[in-house]
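Biologist: Please show me the model. I would then like to ask about it point by point.

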Amino acid sequence: MLFGCTAWPAEFAARYRQAGYWSGQTLGDMLRERAVTVTERIAVVDDEHRLSYGEFDARVDGLVAGFRELGVLPRDRVVVQLPNIAAFLEVLFALFRLGAVPVLALPSHRSSEIRYFCEHSAASAYVIADTDLGFDYRTLAAEVTAAVPSLRHVIVCGEPDRFTALEELRRPPGTAPGPAPGDVALLLLSGGSTGLPKLIPRTHDDYLYNVRASAQVCRLGPHSTYLAALPVAHNFPLSSPGILGTLDAGGKVVLARRPAPDTVLPLIHAEQVTITAAVPPLAGVWLGAAAASGHDLSSLKILQVGGATLSTSLAQRIEPTFGCTLQQVFGMAEGLLCYTRLDDPDELRLATQGRPVSPDDEIRIVDDADQPVAPGTPGHLLARGPYTIRGYYKAEQHNVTAFTTDGFYRTGDIVRLTPEGYLVVEGRAKDQINRGGDKIPAQEVENHLLAHPAVAEAAVVAIPDEYLGERSCAFIVPRGPAPTPAELLRFVRQRGLAAFKVPDRVEIVEALPKTGVGKVSKNDLRAAVRQDIPTDTQNAS
Ligand code: OOB
């Protein structure tokens, strides 16, 4: 396994193989198999391409040769930051086949995050778009390459300027040995709750299993058309069952450049989309627009909603408006995936977050002392299984607390189990803000605020929000004359923090409430902000 990764203990690995979960196939081989069985069928559609499985497979092989010629080696880490375009999938599969390891960054990440991903993974290459949504990624790449010595190549989809154009890497397809199924296929990003985001190593075996088990739950087949509206680097649209599940099933993947209803609704009709996924606020926006849009959405059979809490009122409106089945998805990039099943009764589909996808997913719901809680009582969710990681990448110290000694991942979620064995998410113990599905590690933002010379103490907490579920609020104790909230927001933006992590509100206070042991009491802060939220400190972004 890649250096810095934790393998499953041998007896678990043997059991997962024997049960057939780990099939011994790599993601690159999966695509090759489809290219043989359904060569002429359309695999990937974006604004500019309609690629059959045969064409897609050949383009991937051409890039494998190009990457190799450039000097990208098996096990090299390559940070990939691309929008929802076919090139993302070509690069992803080329790296899979080469045995290089993509690190999947979100388009919204900026220098603070990207520099860290490149440094921490000692990446040799960084793949970007030239510009998107008015942002020039080449400027970001110039900054990052100057700071990270390991980074030898920047590959640009579009106008390369002083870097290498992706188009220049296209070669006639060649052949070469690929990675082993137990090798790390990719590094996903964790939502995180600590100072720095963690990288999540997923193997070909475990990732392909989670994809196939999910596809079975969603009954994907060659007739399926999946619309990727969420950012493709996220685990939900990528693999739950998402893009990879659809490709494995021989279906069609449609990439929406933007998640807005004026892009998504016409695409559902034009491409006869059968399944798509949204975070709750996005589902709400689609819902609002769908009724008035006049688009025929009758092809849509499943709308998956997950990533954050779905309110019952929104859940109840989805099926009547879209005429499709709502599927709740409670998942995490670290592994565990729970789905409501398509034929579950209303009370489970509308009011629970589903049950695990694998018969060998082990879950425990425990109290603060790791003791099982009484059935039906909320507690900390721990998870272990054939596709749940045993350790973060190069995070030996953090792994000691993030996992139990017997290998259960501490999800940081507070859940209860229904009598039917379904999970209901009740809250969160981790120090994180879930801003409409975007995860903000409080400590990471606090560290940026603390870097300001006029900030003595900083604490970031979630505040309830009707649209996003939660927004972030930073409490600041100044050192000397107080900086203005606007000055602090400008400061963290300039430090290269992704916009979704920039606090939505800033409160300047004299002191932070402390617990008996002297830690900041975030509960007290959350309570304070619920009672009195001034409106003059909003983050306009
Ligand atoms: C998905 O993955 P991540 O890694 O961005 O975030 C995982 C965390 C969970 O631990 C939980 O706190 C929250 O997001 N979450 C939910 C939820 N689904 C995820 N909280 C409440 N209700 C839900 N349905 O978010 C993710 C990965 C794969 C599939 C779906 C979501």
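Biologist: In which hand does α2 pass α3?
Modeller: Helices here are DSSP runs of H or I of at least four residues, and strands are runs of E of at least two, both numbered from the N terminus. A crossing is left-handed if the near helix is turned anticlockwise from the far one by less than a right angle, and right-handed if clockwise. By that rule, the crossing of α2 with α3 is left-handed.

Biologist: What are the numbering and the confidence limits?
Modeller: Residues are numbered from 1 along each chain as its sequence is written. The model is predicted: totals for chains, interfaces and linings use all residues, local features need pLDDT of at least 70, and side-chain atom pairs count only at pLDDT 80 or more.

Biologist: How are α2 and α3 oriented to each other?
Modeller: Axes are lines fitted to C-alpha atoms, for helices over the stretch in contact, and angles run from 0 to 180 degrees between N-to-C directions. For α2 (residues 27–37) and α3 (residues 53–70) the packing angle is about 140 degrees, and the axes are 8 Å apart. Angles under 35 degrees count as roughly parallel, over 145 as roughly antiparallel, 65 to 115 as roughly perpendicular and the rest as oblique. The two helices α2 and α3 are therefore oblique.

Biologist: How many residues of each class are in the contact of α2 with α3?
Modeller: Contact requires C-beta atoms, placed from the backbone, within 7 Å. On the α2 side are L31, R32, R34 and A35, which meet Y53, G54, D57 and V60 of α3. Ala, Val, Leu, Ile, Met, Phe, Trp, Tyr, Cys and Pro count as nonpolar, Asp, Glu, Lys and Arg as charged, and the others, Gly among them, as polar. The contact of α2 with α3 thus holds four nonpolar, one polar and three charged residues.

Biologist: Which residues in α4 are met by α2?
Modeller: Helix α4 (residues 86–98) packs against α2 at about 115 degrees, with the axes 7 Å apart. α2 and α4 are therefore roughly perpendicular. From α2, L27, G28 and L31 take part, and they meet F93, F96 and R97.

Biologist: Which strands stand at the edges of the open sheet of four strands?
Modeller: Two strands pair if DSSP finds at least two bridges between them. The order is β19-β20-β21-β22, with antiparallel pairing. One side of each edge strand is left without a neighbour in the sheet because it has a single partner strand; these are β19 (362–366) and β22 (423–428).

Biologist: Which residue in β21 stands opposite H380?
Modeller: β20 (residues 379–384) and β21 (residues 409–417) pair in the antiparallel sense over four bridges. Opposite H380 stands I414.

Biologist: In the open sheet of three strands, what is the average turn between neighbouring strands?
Modeller: This sheet has the order β25-β26-β27 and mixed pairing. Its edges are β25 (455–465) and β27 (505–508), each with a single partner strand. Direction ignored, neighbouring strands are turned on average by 25 degrees.

Biologist: What is the bridge partner of F475?
Modeller: Strand β26 (residues 469–478) runs parallel to β27, joined by four bridges. In β27, the partner of F475 is E507.

Biologist: How far apart are the end C-alpha atoms over residues 444–519?
Modeller: UniProt, in an unreviewed entry, annotates residues 444–519 as "domain: AMP-binding enzyme C-terminal". UniProt positions are given in the numbering used here, feature names are shortened, and annotations may be inferred rather than shown by experiment. The stretch 444–519 is 22% helix and 33% strand, with an end-to-end C-alpha separation of 17 Å.

Conventions:
Contact = placed C-beta atoms within 7 Å.
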